[in-house]
Amino acid sequence: MDDLFGELNPTPRLLMGPGPINCYPQVLRAMGTQLLGQFDPQFREYMRQTSELYRRVFQTQNRWTLLVDGTARSAIEAALVSLIAPGDRVLVPVFGRFGHLKVEIARRCGAEVTVIETQWGSVFPDEVLEEAVRKHHPKLVAVSHGDTSTTMAQPLAGLGKICRENEVLLYVDATATLGGMDLPVDAWQLDVVSAALQKCLGGPPGSAPLTLNERAEKVIVRRKHTEQGLKTPNTRDGDGPVIRSNYFDLAMIMDYWSEKALNHHTEATTMLYAARECARVLLKEGLQSAFARHAEASKSLCAGLEAMGLKLFGDQRHKMPNVTGVHIPAGVDGEKVRSRLLERHNIEIGTSFGPLHGKIWRIGTMGYNARRDAVLATLDALKAELG
Ligand SMILES: Cc1ncc(COP(=O)(O)O)c(C=O)c1O
């Protein structure tokens, strides 16, 4: 009937933007699996397995490795609101739009935020980060690993050590990189790291894997205030300031994911199935092979773009392998080309934000789409539209 608008039947598109990208077919199938109750022992076992799989994806031994229900920013917000109490000092190195997002969230948490910025298309050398940590003495550094707005990846191998030496906590937003670039959480001494499914993990937006270590746990558990309706005579709360969000209260989310299974939100069953399958697909391929496949796809894409006479954006030594910025040639209407790619070729590529708006396109080679055939189809279509 017309007034019911018809069943969903989207045109098959090749999603070559900075995320979301096409899902792995196995992940779509997992999402078609029937629901279970959130306290069904079978479902609790799937939760346990999901934690175990993501420990391997994050390369960590952290007990607290779980999902926050929501897109990437839900886990960013959960991490920041659970770690930051009003008045805490926070340092945010900004090298693109998603650095500014962390500044904005930290300010909403009542933090005194110090921002250091570098030009979009570049990243920070360790010495600059170390100097800022020593000078400002924050409680927390919050930084992106990769920023899809600029396509750059901040080297992080040295920052964890700098933070430990200065007794500072380190939060890393790995939304754009988890599964596509090496991120050994324990080896790099990262205290809290979060991500999302819709990029290199090849899943849908709506679930955000997060891991935190004992240093972060200590801060969060001290702020635990169990909901009144769930308290029993044995409830032990902390004496720290209450976490200023209920939904994103990691102390309560940790209780929910623990053996106690203390009720909080209703777990997003279908998203947990998706997240579990994303990790299974990745680990079956092997982390190192997946990183190499992303690097290979990026190399082919860059070679193809340069062969067409196009110029790549940013410091190529620090470009993420999963998204590439390319300058829109002078005299070309970037949005018109993007529309034509979509209408004529069923291929989506990304626009850009802020100072880069109208100047570059962003082309993703992520997760399921980090493939030679997807890259070649995109290059062919772009060549046809640029004449
Ligand atoms: C580094 C980074 N952080 C956060 C986000 C925000 O993600 P979401 O839209 O899933 O909340 C993105 C999205 O592109 C991102 O690249």
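A polar contact is a pair of N or O atoms within 3.5 Å; inside the protein, one atom must be able to donate a hydrogen and the other to accept it, and sequence neighbours count only through two side-chain atoms. This is a predicted model, with local features needing pLDDT of at least 70 and side-chain atom pairs 80 or more, while totals for chains, interfaces and linings use all residues. Numbering runs from 1 along each chain as its sequence is written, and side-chain values use heavy atoms, with hydrogens and water left out.

Q: What makes Ala 72 a polar contact of the ligand?
A: A polar backbone atom of Ala 72 sits 2.9 Å from a ligand oxygen, so that pair falls within the 3.5 Å limit. Thr 71 gets there with a polar side-chain atom, 2.8 Å from a ligand oxygen. For Thr 148, a side-chain N or O atom is 2.6 Å from an oxygen of the ligand.

Q: How do you know how much of the ligand the protein buries?
A: With accessible areas from Shrake-Rupley and a 1.4 Å probe, the ligand on its own exposes 390 Å², and the protein buries 88% of that.

Q: Which residues are around the ligand, and what makes them count?
A: Each needs a heavy atom within 4 Å of the ligand. Among them are Arg 73, Ile 76, Phe 98, Asp 173 and Lys 199. Helix α3 (residues 72–83) gives the largest share, 3 residues; helices here are DSSP runs of H or I with at least four residues, strands runs of E with at least two.

Q: Why is the pair of Tyr 46 and Tyr 273 called edge-to-face?
A: Phe, Tyr and Trp rings (six-membered ring for Trp) pair when their centres lie within 6.5 Å; planes under 30 degrees apart are stacked, over 60 edge-to-face, the rest tilted. By that rule there are 6 aromatic pairs. Tyr 46 and Tyr 273 are 6.1 Å centre to centre with 90 degrees between the planes, so edge-to-face is the label. Tyr 46 is in helix α2 (residues 41–58) and Tyr 273 in helix α9 (residues 269–285), so the pair ties together parts 227 residues apart in sequence.

Q: What makes Gly 19 and Pro 20 stand out?
A: Their peptide bond is cis, with omega about 5 degrees. Most peptide bonds are trans. Pro 20 belongs to the loop between β1 (14–15) and α1 (25–31).

Q: What makes the phi of His 137 worth a look?
A: His 137 isn't a glycine, yet its phi is positive, about 45 degrees. Most residues other than glycine have a negative phi. You'll find His 137 in the loop between α5 (126–136) and β5 (140–144).
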